[in-house]
Every structure is written in C-alpha cells, then in structure tokens.
Amino acid sequence: MKLVILLLSLLAPFISAPPQDETVSPAPSTAAQLPVIFAFEHSAAADLYISSFDSLSGISLYMTEEELRQAKGTPQQITEDPWAGCLEYQYADSSAGVCGGVVLYVHASPSQAGQYGLSLNGRMLDPQAMNVQDMLGAPDFEAEDGDVYIRGEAALKIYRNTESGEWAGLDLFDAYSF
C-alpha cells in the first residue's frame, strides 16, 4: 500500500488538472529564455568531426575497379605498387591502389592537393593550414612520420617531414589490408 501511495505522489504533478480560473500573463521580453534541449538532439561539437572515412578526392575505399573508372575516368597512368603488390591508378589529383579489383588505398601528395584541393568525404581538408584536428579531432596514433586517424575499418595517415614538420602526403586505406 505504501508503494502505491508513493507512486501516486510521484505521478500527481503529471496527472492533476490545472486550475481553471487562473490566467497566465506572458513573460516580459527582458526575461532570459532557457534553452530547450530535446533527447534526440545531437551535440553540435560531435557533428563537427568526420566520424567515418568514406572517400578521398572522390575515390571511395572498397569501390570496384569499374566503379573507380566510372567515377574518375581513365587514369593518366597505371603502375605496379612495389610495396603493396597492387596496381596504382594515377590521376591528376590522387592515386588509387587497386588490389584484387577493389580500391584498398587512396594517396594524395601536397602538390596534388595544392593544385586540385583535397576532399575528405566531400569536405575540404587542408593539412598545410592545419584544419585537420578541427575536422578529425586528436590523432589516434602519433608515429614518427605522421599522424594516424582510425574510423572503423578505414584509416587516414597524414605523413609529415620529420625535419620540417610539413605534411608530405596523405593516405586513406583499409586498416586491415597492410
């Protein structure tokens, strides 16, 4: 019985009828408005960071060789990548490593980014201006030759010159392929 009384007392403010004769005057315009936050509302800071790595310079990881050609056209050159044993499709703005008919990495150099821009998931990224941490947050790993960011099965590495600290290249790759 005590439990029922306790529950009713807790729920009473929600089920009691408001007084009928009472009128509520509008708040004065100088009163401070409290912010309303809905339970489903996302934090604005969380939306600023890129939460997945889908594409670099218009090339998506795991796209097929055919999809790559449809998206980027005929490459300027196709060479064999001695490190990965893949074919590297070289375009003006980036290169794509195709292994087993699927893109497993995308590379962009500073000269390519300087001339054509660098787009990560459709958002402009500029490692030279150091807007990287504004878009990605702190790196997951700091290596001697650069910073590594991991999102799911994809990783992004920004290579840095060990002497000058300037960025020397950027790779988007399958974190499990190498």
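The exercises below, each with a worked solution, go through a predicted model of a protein chain.

Residues are numbered from 1 along each chain as its sequence is written. Because the model is predicted, local features need pLDDT of at least 70 and side-chain atom pairs count only at pLDDT 80 or more, while totals for chains, interfaces and linings use all residues; side-chain values use heavy atoms, with hydrogens and water left out.

**Exercise 1. The chain as a whole**

Find how many helices and strands the protein chain has, and what share of its residues is buried.

Solution.
- Step 1: the chain holds five helices and 12 strands. Both are DSSP runs numbered from the N terminus, with at least four residues for a helix (H or I) and at least two for a strand (E).
- Step 2: of the 178 residues, 34% are buried. Buried stands for under 20% relative accessible area, exposed for over 50%, and partly exposed for what lies in between (1.4 Å probe, protein chains only).
- Step 3: the accessible surface comes to about 11900 Å², and 57% of this belongs to carbon and sulfur atoms. Such areas come from the Shrake-Rupley method with a 1.4 Å probe, and for residues only the protein chains shown count as cover.
- Step 4: among contacts with a separation of 6 or more, 43% are between residues 24 or more positions apart. A contact means heavy atoms within 4.5 Å.

**Exercise 2. Salt bridges**

State how many salt bridges there are, then place the pairs of Asp140, Asp145 and Asp147 in the chain.

Solution.
- Step 1: a salt bridge is a side-chain nitrogen of Lys or Arg within 4 Å of a carboxyl oxygen of Asp or Glu. By this rule the count is four. Side chains of opposite charge can pair when their charged atoms come close.
- Step 2: Asp140 pairs with Arg151, with 3.6 Å between the closest N and O atoms. Asp140 is in the loop between helix H5 (132-136) and strand E9 (141-143) and Arg151 is in strand E10 (residues 146-151), so the bridge ties together parts 11 residues apart in sequence. Asp140 is partly exposed at 41% relative accessibility, whereas Arg151 is buried at 16%.
- Step 3: Asp145 and Lys157 form a salt bridge at 2.8 Å, N to O. This pair links distant parts of the chain, 12 residues apart: Asp145 is in the loop between E9 and E10, and Lys157 is in strand E11 (residues 154-160). Asp145 has a relative accessible area of 30% and is partly exposed; Lys157, at 12%, is buried.
- Step 4: Asp147 pairs with Arg160, the closest N and O atoms being 4.0 Å apart. Asp147 in strand E10 and Arg160 in strand E11 are 13 residues apart. Asp147 is buried at 15%, and Arg160 is buried at 16%.

**Exercise 3. Arg151, Phe53 and the core**

Which residues have the most contacts inside the largest nonpolar core, and what does Arg151 touch?

Solution.
- Step 1: a nonpolar core is a set of buried Ala, Val, Leu, Ile, Met, Phe, Trp, Tyr and Cys residues joined through side-chain atoms within 4.5 Å. The largest one has 28 residues, and Phe53, Leu68 and Leu136 have the most contacts inside it.
- Step 2: strand E5 (95-99), strand E6 (102-108), H5, E11 and strand E12 (167-174) each supply at least two residues of this core. In soluble globular proteins, nonpolar side chains tend to be buried together.
- Step 3: leaving out residues up to four places away in sequence, Phe53 touches ten residues' worth of listed partners, including Leu120, Leu136, Tyr149, Arg151 and Leu172.
- Step 4: with the same exclusion, Arg151 touches Ile50, Ser51, Ser52, Phe53, Leu136 and Asp140.

**Exercise 4. Two exposed residues**

Are Met124 and Gly152 buried or exposed, and where does each lie?

Solution.
- Step 1: Met124 is found in strand E8 (residues 123-124) and is exposed, with a relative accessible area of 53%.
- Step 2: beyond its neighbours within four places in sequence, Met124 is in contact with Gly117, Leu118, Ser119, Asn131 and Met135. The C-alpha atoms of Met124 and Met135 are 9.5 Å apart.
- Step 3: Gly152 sits in the loop between E10 and E11 and is exposed at 60%. Its C-alpha atom is 9.4 Å from that of Asp174, 22 residues away along the chain.
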